[in-house]
Structures are given as structure tokens and as C-alpha cells.
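Got the viewer open? Let's take a walk through this structure, one selection at a time.

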Amino acid sequence: MAKVKETTGIVGLEVVPNAREVLINLYNKTLNEIKAVPEDEGYRKAVESFTRHRLEVCQKEEDLEKIEESIGCGQVEELIEEAQDELKLIGKMIEWDPWGVPDDYECEVIENDAPVPKHVPLHRPGPLPVEFYKTLDAVTQKEVPPVTSGEPQLKE
């Protein structure tokens, strides 16, 4: 006899008894709708990749706990919400058409030197490895002899 889940333990997130079937339906719908995005776009490739993986897990596994464990992104009810959100995002991405920007498009960059409030993290990356600086120094300090004419230069 299979275990019956009584609660998700998350306020406002109800148990979905047929979560596996719901997920399979959502993942198939996602794979169908993402076809409207150009094939070479990274967004489409990423969505197709993780959605196919999750669909395969749901098709192979009957046990909801095993599905949750295999996918590793929370409870099946959370996966359902995530899949529903992805479907909404696909619709928005198609509407916004971010891949339709012409190659010669130039955007205005506005720099703001206002101080960042103390409670906002700066998200600055850590220092680069020492090897990076050694390579940079080696590349920038190479002396290139000046070319004065088309004649070959003789070394002394």
C-alpha cells in the first residue's frame, strides 16, 4: 500500500494526489510550447534539457518520493508550481521576443554613481587567481618592434 501524503508542510501549498500525472502533462505542454522559441536560443535549449530530464524521471518512476529525490528540486507540489510558472514565462518570452533584437541595435548605458545602501549586498566577485595576473602581465609586457617600412628587419 502506497503512503498517502497528508500535508506538504508548506503554508498555502496543498497536496496534489495525482501529482505525477499533473507533472507529465505540464512537462509535455512545456516541451510543446517552447517550440515557438528559436531553436538556437539558450533559453529554449535550457528549458528543453531540464524539462526532458524531469519528464523522463516522472515517466520511469511511480513513487512520488522517488521522483522528488531524483529531480532534487523539492516536493512534487513545488515542481508543479515551478512547471506552471515556466509555462507562464514561455508565454512572456514569446511576447517580449528578446532574441529578435537586431545585430546593429545599440542600447544606452546609464551609470549611476549613487551609493549602495548598506543593507544591499554588492555581489562583487572574489579576486582572480594569481595565474590570471601573471598571464596578463606576460601578454601586455611583450615588446613588439615598431614597423618602419615594408622591408624585413634585421636582428643585430
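Helices and strands here are DSSP runs, of at least four residues for a helix and at least two for a strand, numbered from the N terminus. By that count, the chain has 5 helices and 0 strands, so if you read along the sequence under this definition you get α-α-α-α-α. Keep in mind that you are looking at a predicted model.

**Colour by confidence**

Start by colouring the chain by pLDDT. The average is 87, and 89% of the residues score at least 70. Which elements sit at the two ends of the scale? Helix H1 has the highest mean pLDDT, at 98, while helix H5 (residues 130–140) has the lowest, at 80.

**Switch on the surface**

Now show the surface. It comes to about 12,900 Å² of accessible area, with 54% of that belonging to carbon and sulfur atoms. Of the 156 residues in the chain, 22% are buried. As for contacts with a separation of 6 or more, 64% are between residues 24 or more positions apart.

**Into the largest core**

Hide the surface again and select Leu23, Tyr27, Cys58, Ile67 and Ile71. They are the residues with the most contacts inside the largest nonpolar core, which has 16 residues. Four elements give two or more residues each to this core: helix H1 (19–33), helix H2 (42–60), helix H3 (64–71) and helix H4 (76–96). The biggest contribution is from H1, with 6 residues.

Zoom in on isoleucine 67. Which residues does it touch, once you skip its neighbours within four places in sequence? You should find Arg20, Val57, Cys58, Glu61 and Val76 in contact with isoleucine 67. Apart from the largest core there is another one, of 6 residues; select Val37, Tyr43, Ile90 and Met93 to see some of its members.

**Two cysteines to compare**

Next, pick cysteine 58 and cysteine 107. Buried or exposed: which word goes with cysteine 58? Cysteine 58 is buried, because its relative accessible area is 0%, and the cut-off for buried is under 20%. Cysteine 107 is exposed, because its 56% is over the 50% mark. If you were hoping for disulfides, the count is 0.

**Across from H1**

Go back to helix H1 and select lysine 29, which has its place there. Lysine 29 is partly exposed, with a relative accessible area of 43%. Now add glutamine 84 and draw a distance between the two C-alpha atoms. Lysine 29 and glutamine 84 are 55 residues apart along the chain, and the gap between those atoms is 9.9 Å.

**A stop in the loop**

Follow the chain to the loop between H4 and H5, where you will find aspartate 97. What is the sign of its phi? Aspartate 97 has a positive phi of about 50°, although it is not a glycine. For background, most residues other than glycine have a negative phi. Aspartate 97 is partly exposed, at 35% relative accessibility.

**Last stop: a pair of rings**

How many aromatic pairs does a search of the whole structure find? The search turns up 1. Select phenylalanine 132 and tyrosine 133 and show their rings: the centres are 5.3 Å apart and the planes are at 80°, so this pair is edge-to-face. Phenylalanine 132 is partly exposed, with a relative accessible area of 39%. Tyrosine 133 is partly exposed too, with a value of 42%.

Notes:
Residues numbered from 1 in each chain as written. Predicted model: local features only at pLDDT ≥ 70, side-chain atom pairs only at ≥ 80, totals over all residues. Heavy atoms only, no water. Buried < 20%, exposed > 50% of the residue type's maximum accessible area, 1.4 Å probe, protein only. Contact = heavy atoms within 4.5 Å. Areas by Shrake-Rupley, 256 points an atom, 1.4 Å probe, with all protein chains shown as cover. Disulfide = S-S within 2.5 Å. Core = buried A, V, L, I, M, F, W, Y, C linked by side-chain atoms within 4.5 Å. pLDDT = per-residue confidence, 0-100. Phe/Tyr/Trp six-rings, centres within 6.5 Å; stacked < 30°, edge-to-face > 60°.
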